[in-house]
Amino acid sequence: MIGYGGDWNPEQWPEETWAEDVALMREAGVNQVSVGIFSWSLVEPVEGRYEFGWLDRVMDLLAAGGVRAFMATPTAAPPPWFGRTYPEALPVDADGRVLFHGSRQGFCPSSPVYRDKALAIVERIGERYRDHPALAMWHVHNEYGCHNSRCYCDASAAAFRGWLVARYGTLDALNEAWGTAFWSQRYSDWGQILPPRATPSFHNPGQQLDFRRFSSDALLDLYRAERDLLAGLAPQVPATTNLMAGAHWDMDYWSFAREVDVVSNDHYLIGKDPHIDLAFAADLSRSLGRGRPWLLMEHSTSAVNWQGVNRAKRPGELRRNSVQHLARGADAIMFFQWRASRAGAEKWHSAMLPHAGTGTKVWREVVGLGGLLKDAAEVAGSTVTSDVAILLDYGSVWAQDHPAQPTTLHKPVEVIKSWHAELWKLGVTCDVVHPESDLSGYRLVLVPALYLVTDHGATNLERFVADGGTVLAGPYSGIADEHDRIRLGGYPGAWRDLLGVTVEEFFPLEEGESVELAGGGIGAVWSELAHATTATVLDTYVTGEPAWTRNEWEGGAAHYLTTLLAGADLARVLGAVCAEAGVPVSATPGVEMVRRAHADGRGYLFVINHSGADVVVAATGVGLSDGDPVDGELTVPAGEVRIVRETR
Ligand code: GLA
């Protein structure tokens, strides 16, 4: 079964609508919904007084309707009584501003009283619903860190110090790691250490990096506490929390992914090529779960309400987006939210059941998608295999976030996404992996932007190349160690030998400035004075300095770019390294083709035509929805999708 549904918030509606909701869910093919996500103030209207009657009736209706419930813990939105009674638990920003209740996520992640009150309601919910026939999964919290990923209050300061003691053991070790001889920052007592609150000038980079790590860990710790409590009450029920992978960069999702029973992700269209950005988020979600099927916990049927100008989805876009996630490994397609709100801050956010009701484009598409997903039931459990991996480390992104860099125009997430986007256009599906993970299954590893790399990560990449792999690295990668201290002796210190290159100085480019390559390309944002030591120079700036190099290293080879390329220039280099690594490239403009397969070899080809023209692609098998044979060629009409059960 492919899961289908969304967040159901019946508490926003008179009870008379609830039965209609469930009937319409059945009409649309909905088989699972998340409930109770923002219900704390209704379940516990007054501190210590719990009112479960309404939620019992909601769960019973779902059970009777055959719709599975992902029971949420409501801890992402503490009620007004919480902020009034425990003002010390409210989040505080770097400027010392207290953030009051009246919105959501109004709590300090390190607050002991928040933790107590959250665990108290989680325990009640766990006890009450652990044996309910509708219960299929715990949906713990909602989007950890969405609005309160870092808190700078005194409780956070104390917790940060505790985290640092555990990490460094001694103040000497911390002073060494942070380089506190600089600007007279040497600490002589743990109590002197603060979160990076507003200061006259730049923060210590080690302090800011460790605070990002600590803040992510503080949220993860809250997840673990809720999950462990629920697991103690109902060991048979899996737990997840919905991530924002690909869109939100404050949490280290590699650590979160290790702690969930199944990865679930939320994605909203954004950017110039939103469907390509979607593919990145989906590839990352799959990779976070080490390739296992994952759940798309939220996306939108049409417009969101938080982008200023909120573009409505064009006819067919909902279907294409959903099938993209499915193709890239999702075993559930869900939305925020089931019924569009009448009131509240998200009343202008689209939903499965719009304000205008069932006589609408959105509703017709929702019902159509339910049919498609039913036809695709046999896809569930199959996986995607990639020959190519892109390295991603949250710590590296955070370290580079420090404002005192050679240039602030080099934005690692944008660079990583631009490489992924060009691969998408080349028809290459890739994983996104942590630098220290097992790379042996890949032919090609890309390092678009990895400023900081641990010693383990550095040798891991060397071993991959030694064992016959191909690497392409971008500039400003392999520069710093895990404490954000420069690796000395010529850049990029971690991989000078592997790349056969040493860089003596960076020459960042102004906005609009560029370097011309002798081979015809244009580099932007970044240039550098590099010398090939053992590498062969494949292209230079017209002024003669190396632009693209290749170094043979034991069984494999490592390529290096000294500037940022984009579009066709980047595609040319990516195409060359794919060819060298034996990675097939097959591009039909605007058409996305991805494969999933079961361990027993049953495979599926997903073809998504994002273009305005009909296309013909190579495929052999049987159409999943219509059962029609596909004999070598498949026509996919403009804007349409097809899934083929392959016989090859
Ligand atoms: C997030 C939240 C939802 C809702 C949507 C709106 O994903 O989890 O509650 O706010 O955003 O896009």
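**Salt bridges, a helix and an open sheet**

At 1% relative accessibility, Arg-286 counts as buried, and in this predicted model that residue offers a convenient way into the structure. Arg-286 forms a salt bridge with Asp-431, the closest N and O atoms lying 2.8 Å apart. The pair links distant parts of the chain, since Arg-286 belongs to helix 10 (residues 274-288) and Asp-431 to strand 11 (residues 430-433), with the two positions 145 residues apart in sequence. Asp-431 is buried as well, with a relative accessible area of 10%; both values fall under the 20% below which a residue is classed as buried.

A search of the whole structure finds 41 salt bridges, and a second one can be set beside the pair just described. The side chains of Lys-117 and Glu-47 meet in a salt bridge with an N to O distance of 2.7 Å. Because Lys-117 lies in helix 5 (residues 112-129) while Glu-47 sits in the loop between helix 2 (40-43) and helix 3 (53-65), this pair ties together parts that are 70 residues apart in sequence. Here the two partners are partly exposed, Lys-117 having a relative accessible area of 22% and Glu-47 one of 30%. Salt bridges also join into a network, which links Arg-115, Asp-221, Arg-224, Arg-227, Asp-228 and Glu-259.

From charged pairs the path leads to Ala-72, which is placed in strand 3 (residues 68-72). This alanine is buried, with a relative accessible area of 1%, and, when its neighbours within four places in sequence are left aside, Ala-72 is in contact with Val-35, Gly-36, Ile-37, Ile-125 and His-139. Ala-72 and Thr-241 are 169 residues apart in sequence, yet their C-alpha atoms are 9.0 Å apart in space.

Helix 14 (residues 412-425) can be checked for its length: at 1.5 Å a residue, its 14 residues should span 20 Å, and the end C-alpha atoms are 20 Å apart, which agrees. The helix is mostly covered, with 11 of its 14 residues buried. Among these buried residues are the aromatic side chains of Trp-419 and Trp-424, and the list also includes Lys-417, His-420 and Glu-422. Helix 14 is followed by Gly-427, a residue whose phi is positive, near 75°.

The last stop is an open sheet of five strands, arranged in the order 21-22-25-23-24 with antiparallel pairing. Strand 21 (591-597) and strand 24 (629-636) stand at the edges, each with a single partner strand, so one side of each is left without a neighbour in the sheet. From one strand to the next, the twist averages 30°. In general, strands of a sheet pair through backbone hydrogen bonds, in either a parallel or an antiparallel manner. Within this sheet, strand 22 (residues 603-609) and strand 25 (residues 641-646) run antiparallel and are joined by six bridges; Tyr-604, for instance, has Arg-645 of strand 25 as its bridge partner.

One further salt bridge completes the tour, in which the side chains of Arg-642 and Glu-640 meet at 3.5 Å, N to O. Arg-642 counts as partly exposed at 28% relative accessibility, and Glu-640 likewise counts as partly exposed, at 27%.

Technical notes. Residues are numbered from 1 along each chain as its sequence is written. This is a predicted model: local features need pLDDT of at least 70, side-chain atom pairs count only at pLDDT 80 or more; totals for chains, interfaces and linings use all residues. Side-chain values use heavy atoms; hydrogens and water are left out. A salt bridge is a side-chain nitrogen of Lys or Arg within 4 Å of a carboxyl oxygen of Asp or Glu. Helices (H or I, at least four residues) and strands (E, at least two) are DSSP runs, numbered from the N terminus. Buried means under 20% relative accessible area, exposed over 50%, partly exposed in between (1.4 Å probe, protein chains only). Contact means heavy atoms within 4.5 Å. The expected span of a helix is 1.5 Å times one less than its number of residues. Two strands pair if DSSP finds at least two bridges between them. Axes are lines fitted to C-alpha atoms, for helices over the stretch in contact, and angles run from 0 to 180 degrees between N-to-C directions.
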